[in-house]
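Got the viewer open? Take this as a walk from one selection to the next, with a short note on what you'll find at each place.

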Amino acid sequence: MKAFVLALCAAVVITVGANLILNEIGFSAQDTTSSPSVRLDSDS
Amino acid sequence: MARLIALFFMVFALPVLAQSVDRPDPNTATTGPATQSLDDILRRQDNLKVDDSERRAIIGGPEYAPSVDSPLGTRGGASDSDLWRAMRFNNGDISTQNTGPAATVLMQDAGMWWLDIRRGPLQTYGAYLLGGTLLLLALFLLIRGRIRIEGEKTGRTIERFKAFERFGHWLLASSFIVLAITGLISLFGRKVLIPAFGHDAFSTVAIGTKWVHNNISWAFMVALVMIFFFWVMHNLPDKTDLKWLAKGGGIFGGGHPPAKKFNAGQKLIFWAVIVLGGSISISGLSLLFPFEINLFAHTFDLLNGLGAPGWVGMENLPSDLSPQEEMQYAQLWHAIISFVLTAIIFAHIYLGSVGMEGAFDAMGKGEVEEQWAREHHSLWVEEVKAKQRVQPGE
Ligand code: HEM
């Protein structure tokens, strides 16, 4: 049971972590295909 | 009177006149290879293959160019029609300051067959496969019932999986189940969920499921590598597997065929998870980083080289793919293999829980009833006991 709960926690941590890392390295199609002068989001 | 006679002759002569005009044969009428013929159009309407290889190539070029000081000489030998044709068939020499990998493809005409498959047979057959598997499992439960521990329970337990093994299994299982649910939501959104819940509700759900699906995939990949290393040594095929399979795992001939730590059925599950799970991971990465990882042109090339399509009476597979086509194939492959693995996993979950008394404890507690182990994994129990005799007190 402990292994199961730990695995669920790990899944959440990896999921959130993956998102942070990928955003950090600028992986999104929006980042890889446009230059800084292009504004696709209203908040960037 | 003379007029009447003249009219009479004219009326009768008309059909003759009409017949004497040569009507062009519609099947051969053509204005040259640069334009499509009526035959081409009719074939396309009938969904038949049209040979437009000649037309695709007519895009002008320096070899046709008149000298620069003559009229049109500055066009590099390409007329307007040549330029448009080049764009139509994605043969042009396009340059752009957009850094996107597929930005130089202005027209991609191989998308419809993919869209038709994705919204048609992929969903229908996928639903049949999963529904049919659930139905079969329910039938199996009805007819065969739960596989019980037959002998007297001993009350003693044997350790079957250590905590880190169970951790790996549950990381794999929880991420896979979330991936399956969010993946199905993405696939069936337009056809099932939008009509049922409306665009606004589905938009929120779709944004959420896409985020979860993309990011939890890493947990699945990490866990896949973990369980591969944990269990690969126990899953190499050997002679006991043949005997186990010959008896259908005990369905034919009664009794429990001997098995080591994993029986042949479990080994099949293990390798299905590794191979299909691995393939889903790779095609998934290709979808996650669009246009960066192109798998299919190369694979099709290899298969064509082997002559593989000929074995099943097919023509060579296309190996000159636009970046978009690469993504289309990746999507279909990812979805089809996922459906297959999900169906297999349904059977696995069934046997690991309701289907077999005593099985869940192996992954739940890590300890199994000794009698369960003797019935299902007799050779493994002997190995464990032998080790315990060598190292007493462990
Ligand atoms: C709620 C869902 C699940 C349950 C209840 C479950 C249960 C189990 C149990 C009890 C075992 C140990 C069998 C034994 O002692 O011999 C096991 C093994 C295993 N599980 Fe699962 N499992 C689940 C989901 C998954 C998923 C989603 C995957 C992969 C995507 C998976 C992959 C495996 C593999 C590869 C093994 C080892 C080989 C085998 O026993 O077949 N499991 N599971």
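Below are the stops, one selection at a time.

Before you start clicking, keep in mind that this is a predicted model.

**Stop 1: a pair of rings across two chains**

Select Phe4(A) and Trp170(B). How far apart are the ring centres of Phe4(A) and Trp170(B), and at what angle do their planes lie? The centres are 5.0 Å apart and the planes are at 85°, so this pair is edge-to-face; planes over 60 degrees apart get that label. Now colour by chain. Phe4(A) belongs to helix 1 of chain A (residues 2-24) and Trp170(B) to helix 7 of chain B (residues 163-197), so the pair joins two chains.

Switch on a surface and look at both partners. Are they buried or exposed, or partly exposed? Phe4(A) has a relative accessible area of 28%, which makes it partly exposed. Trp170(B) counts as buried, at 13% relative accessibility.

**Stop 2: two Phe rings within chain B**

Stay in chain B and pick Phe176(B) and Phe220(B). Their ring centres are 5.8 Å apart with the planes at 45°, so this pair is tilted. Trace the backbone from one to the other: Phe176(B) is in helix 7 and Phe220(B) in helix 8 (residues 199-231), so the pair ties together parts that lie 44 residues apart in sequence. Phe176(B) is buried, with a relative accessible area of 12%, and Phe220(B) counts as buried too, at 6% relative accessibility.

If you feel like hunting for others, the count over all chains comes to 15 aromatic pairs.

**Stop 3: Ser174(B), facing chain A**

Go back to helix 7 of chain B and click on Ser174(B). Its relative accessible area is 11%, so Ser174(B) is buried. Which residues does Ser174(B) touch, leaving out those up to four places away in sequence? The answer is Leu8(A) and Ala11(A), so check your chain colours here. Then draw a distance from the side chain of Ser174(B): a polar atom there lies 3.3 Å from the backbone oxygen of Leu171(B).

**Stop 4: the ligand**

Now show the ligand and the residues around it. There are 22 of these, and Arg160(B), His169(B), Gln266(B), His348(B) and Ala362(B) come nearest. Three distances to draw:

- Arg160(B): a polar side-chain atom lies 2.6 Å from an oxygen atom of the ligand.
- His169(B): a polar side-chain atom lies 2.7 Å from a nitrogen atom of the ligand.
- His348(B): here too, a polar side-chain atom lies 2.7 Å from a ligand nitrogen atom.

Which helix gives the most to the shell around the ligand? Helix 7 of chain B does, with 5 residues. At least two residues each come from helix 7, helix 8, helix 10 (264-288), helix 13 (323-352) and helix 14 (360-364) of chain B.

Don't leave Arg160(B) just yet. Add Trp380(B) to the view: Arg160(B) lies over the face of that ring, at 4.7 Å from the ring centre.

**Stop 5: an aromatic cluster and Leu332(B)**

Select Trp113(B), Phe296(B), Phe300(B) and Tyr329(B), which form one aromatic cluster. Next, add Leu332(B), found in helix 13 of chain B. Leu332(B) counts as buried, at 8% relative accessibility. Setting aside residues up to four places away in sequence, Leu332(B) touches Trp113(B) from that cluster, along with Trp114(B), Ile117(B) and Leu122(B). Measure to that last one: Leu332(B) and Leu122(B) are 210 residues apart in sequence, yet their C-alpha atoms are 8.0 Å apart in space.

**Stop 6: the annotated spans**

An unreviewed UniProt entry carries the annotation "transmembrane region" for residues 125-147, 167-188, 216-233, 268-291 and 332-351 of chain B. Try two of them. In residues 268-291, the end C-alpha atoms lie 33 Å apart, and the span is 88% helix and 0% strand. For residues 332-351 the ends lie 29 Å apart, C-alpha to C-alpha, with 100% helix and 0% strand.

**Last stop: Arg374(B)**

Finish in helix 15 of chain B (residues 370-376), where you'll find Arg374(B). At 38% relative accessibility, Arg374(B) counts as partly exposed. Arg374(B) touches Val381(B) and Lys385(B), again not counting residues up to four places away in sequence. For one more distance, pick Ala196(B): Arg374(B) and Ala196(B) are 178 residues apart in sequence and 51 Å apart in space, C-alpha to C-alpha.

Terms used
Residues are numbered from 1 along each chain as its sequence is written. Chains are lettered from A and ligands numbered from 1 in the order in which they are written. This is a predicted model: local features need pLDDT of at least 70, side-chain atom pairs count only at pLDDT 80 or more; totals for chains, interfaces and linings use all residues. Side-chain values use heavy atoms; hydrogens and water are left out. Rings of Phe, Tyr and Trp (its six-membered ring) pair if their centres lie within 6.5 Å; planes under 30 degrees apart count as stacked, over 60 as edge-to-face and the rest as tilted. Helices (H or I, at least four residues) and strands (E, at least two) are DSSP runs, numbered from the N terminus. Buried means under 20% relative accessible area, exposed over 50%, partly exposed in between (1.4 Å probe, protein chains only). A charge sits over a ring if NZ of Lys or CZ of Arg is within 6 Å of the ring centre and within 35 degrees of the ring normal. A polar contact is a pair of N or O atoms within 3.5 Å; within protein, one must be able to donate a hydrogen and the other to accept it, and residues adjacent in sequence count only if both atoms are side-chain atoms. Contact means heavy atoms within 4.5 Å. UniProt positions are given in the numbering used here, feature names are shortened, and annotations may be inferred rather than shown by experiment. A residue is near a molecule or strand if one of its heavy atoms lies within 4 Å of it.
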